[in-house]
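I opened a new structure today and kept notes as I went. Here is what I looked up, entry by entry.

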Amino acid sequence: MHNNNYQLLKYFGQKNLLKPLPNIRMFIADICRSFDLDYQDTIEYDNIRRYRYQLGPMTFNYTLDENHCYCNQKCPPNGLFDLGVCAQ
């Protein structure tokens with residue numbers, strides 16, 4: 001199991017989530033891509049605390065070395081994602 005996934009499972013396996021993780025890494029198999037979700041806010045609804053996460057601003061920034069592996073011969077413009085990489 002990937003280390004980030006283990007940390008996430010370990011965290012959510014606890015009885016009380018007293019504070020949110022600063023970020024969560026998740027993998028979406030349909031697009032063959034991992035995403036980092038950054039903590040944004042804590043909200044409460046029906047007396048249940050929920051943590052809101054969203055994609056980080058660098059997720060689709062192809063000037064970063066960590067995102068080059070998602071390019072198919074040529075990188076798409078920053079902010080976009082080429083689904084063809086996964087379809088091959």
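**Entry: the S2-S3 hairpin.** I began at the hairpin of S2 and S3, where two residues sit between the strands and Asp 46 takes a positive phi near 50°. Asp 46 is not a glycine, yet its phi is positive. Most residues other than glycine have a negative phi. I found Asp 46 in the loop between S2 and S3, and Asp 46 counts as exposed because its relative accessibility is 58%. My cut-offs here are under 20% relative accessible area for buried, over 50% for exposed and partly exposed in between, with a 1.4 Å probe and protein chains only.

**Entry: ground rules.** I am reading a predicted model, where local features need pLDDT of at least 70, side-chain atom pairs count only at pLDDT 80 or more, and totals for chains, interfaces and linings use all residues. Residues are numbered from 1 along each chain as its sequence is written, and side-chain values use heavy atoms, with hydrogens and water left out.

**Entry: the overall layout.** I noted two helices and three strands in the protein chain. From the N terminus on, the order is α-β-β-β-α. Helices (H or I, at least four residues) and strands (E, at least two) are DSSP runs, numbered from the N terminus. The protein chain has 88 residues, and 20% of them count as buried. I also looked at contacts (heavy atoms within 4.5 Å). Among those with a separation of 6 or more, 24% come from residues 24 or more positions apart.

**Entry: strand pairing.** How many bridges join S2 to S3? I got eight, with strand S2 (residues 33-45) and strand S3 (residues 48-55) running antiparallel. Two strands pair if DSSP finds at least two bridges between them. Glu 44 has Arg 49 in S3 as its bridge partner. On the other side of my list, strand S1 (residues 23-28) pairs with S2 over six bridges, in the antiparallel sense. There, Ile 28 has Arg 33 in S2 as its bridge partner.

**Entry: the S1-S2 turn.** S1 and S2 form a hairpin too, with four residues between them. In that turn I stopped at Cys 32, which has a positive phi of about 50° although it is not a glycine. Cys 32 counts as partly exposed because its relative accessibility is 36%.

**Entry: Tyr 39.** I placed Tyr 39 in strand S2. Tyr 39 and Ile 24 are 15 residues apart in sequence, and their C-alpha atoms are 7.9 Å apart in space. Not counting residues up to four places away in sequence, Tyr 39 touches Pro 20, Leu 21, Pro 22, Tyr 51, Arg 52 and Tyr 53. At 29% relative accessibility, Tyr 39 counts as partly exposed.

**Entry: cysteines.** Which cysteines does a disulfide join? I found Cys 71 linked to Cys 75, S to S 1.9 Å. A disulfide here is a pair of cysteine sulfur atoms within 2.5 Å, and by this rule I count one. The link of Cys 71 and Cys 75 is right-handed, with 95° about the S-S bond. Cys 71 counts as buried at 17% relative accessibility, whereas Cys 75 counts as partly exposed at 31%. Why is Cys 69 left without a bond to Cys 71? The closest cysteine sulfur to that of Cys 69 is in Cys 71, 8.0 Å away, so it is too far for a bond. Cys 69 counts as exposed at 55% relative accessibility.

**Entry: the core.** Cys 71 turned up again in the largest nonpolar core, along with Phe 35, Phe 60, Tyr 62 and Tyr 70, five residues in total. A nonpolar core is a set of buried Ala, Val, Leu, Ile, Met, Phe, Trp, Tyr and Cys residues joined through side-chain atoms within 4.5 Å. Beyond four places away in sequence, Phe 35 touches residues including Ile 24, Met 26, Leu 55 and Thr 59.

**Entry: Thr 59.** I followed that contact to Thr 59, in the loop between S3 and helix H2 (84-87). Is Thr 59 buried or exposed? At 8% relative accessibility, Thr 59 counts as buried.
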